[in-house]
Amino acid sequence: EPRLAEIINLQSNSAENEKPIPVKEMAAILGISVSHLYKKCSNNEMPHHRKFGRLYFYLSDIKKWMKD
């Protein structure tokens, strides 16, 4: 099953190289307002990251969060 190992390896590599999504873009993706998104983050209701004092999101984290 070397093919399966290749697929798993590719998926993990793509997650490592995933680009952070800024607040406005994530709000548009989720269909909520920017202020609502900030509120969810301040209450730790959804996964987020801070980089240089700004909020960012990773689509893989959001997908996992939505499944739970």
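K40 lies in helix α3. The model that shows this is a predicted one. Is K40 buried or exposed? Its relative accessibility is 19%, and buried means under 20%, so K40 counts as buried. Apart from neighbours within four places in sequence, the residues in contact with K40 are I32, E45 and M46. One of these, M46, belongs to the largest nonpolar core, which is described further on.

Helix α3 covers residues 34-42, and helix α2 covers residues 23-30. Two packed helices are described by the angle between their axes and the distance between the axes. For α2 and α3, the axes come within 9 Å and cross at roughly 100°. An angle of 65 to 115 degrees counts as roughly perpendicular, and α2 and α3 are therefore roughly perpendicular to each other. On the α2 side, the contact is made by V23, K24, M26, A27 and L30. On the α3 side, V34, L37 and Y38 take part. Sorted by type, the residues of this contact are 7 nonpolar, no polar and 1 charged.

The strands come next. How many strands form the open sheet, and in what order? There are 3, in the order β1-β3-β2, and the pairing is antiparallel. The edge strands are β1 (21-22) and β2, each of which pairs on one side only. Between β1 and β3 there are 2 bridges, in the antiparallel sense. At this pairing, I21 stands opposite F57 in β3, while P22 has Y56 of β3 as its bridge partner. On the other side, β2 and β3 are joined over 3 bridges, also in the antiparallel sense. Here the bridge partner of K51 is R54 in β3.

Strands β2 and β3 form a hairpin with 2 residues between the strands. F52 is placed in the loop between β2 and β3 (54-57). Its phi is positive, near 55°, although F52 is a residue other than glycine. Is F52 buried or exposed? Exposed means over 50% relative accessible area; F52 has 77%, so F52 is exposed.

A positive phi is also found at N44, which is not a glycine; the value is about 55°. N44 sits in the loop between α3 and β2 (49-51). With a relative accessibility of 62%, N44 counts as exposed.

The helices and the sheet can now be considered together. In soluble globular proteins, nonpolar side chains tend to be buried together. In this model, the largest nonpolar core has 10 residues in all: I21, V23, M26, A27, L37, C41, M46, L55, F57 and I62. Which elements supply at least two residues each? They are α2, α3 and β3. The most comes from α2, which gives 3 residues. V23, M26, A27 and L37 of this core also take part in the contact of α2 with α3. I21 and F57, which stand opposite each other in the sheet, are core members as well.

L55 is another member of the core. Residues up to four places away in sequence are not counted here; beyond them, L55 touches P22, V23, Y38, C41, H48, H49 and R50. Among these, V23 and C41 are in the core too. Y38 is on the list of residues that make the contact of α2 with α3, and P22 is the residue whose bridge partner in β3 is Y56.

Technical notes: Residues are numbered from 1 along each chain as its sequence is written. This is a predicted model: local features need pLDDT of at least 70, side-chain atom pairs count only at pLDDT 80 or more; totals for chains, interfaces and linings use all residues. Side-chain values use heavy atoms; hydrogens and water are left out. Helices (H or I, at least four residues) and strands (E, at least two) are DSSP runs, numbered from the N terminus. Buried means under 20% relative accessible area, exposed over 50%, partly exposed in between (1.4 Å probe, protein chains only). Two strands pair if DSSP finds at least two bridges between them. Axes are lines fitted to C-alpha atoms, for helices over the stretch in contact, and angles run from 0 to 180 degrees between N-to-C directions. Angles under 35 degrees count as roughly parallel, over 145 as roughly antiparallel, 65 to 115 as roughly perpendicular and the rest as oblique. Contact means heavy atoms within 4.5 Å. Ala, Val, Leu, Ile, Met, Phe, Trp, Tyr, Cys and Pro count as nonpolar, Asp, Glu, Lys and Arg as charged, and the others, Gly among them, as polar. A nonpolar core is a set of buried Ala, Val, Leu, Ile, Met, Phe, Trp, Tyr and Cys residues joined through side-chain atoms within 4.5 Å.
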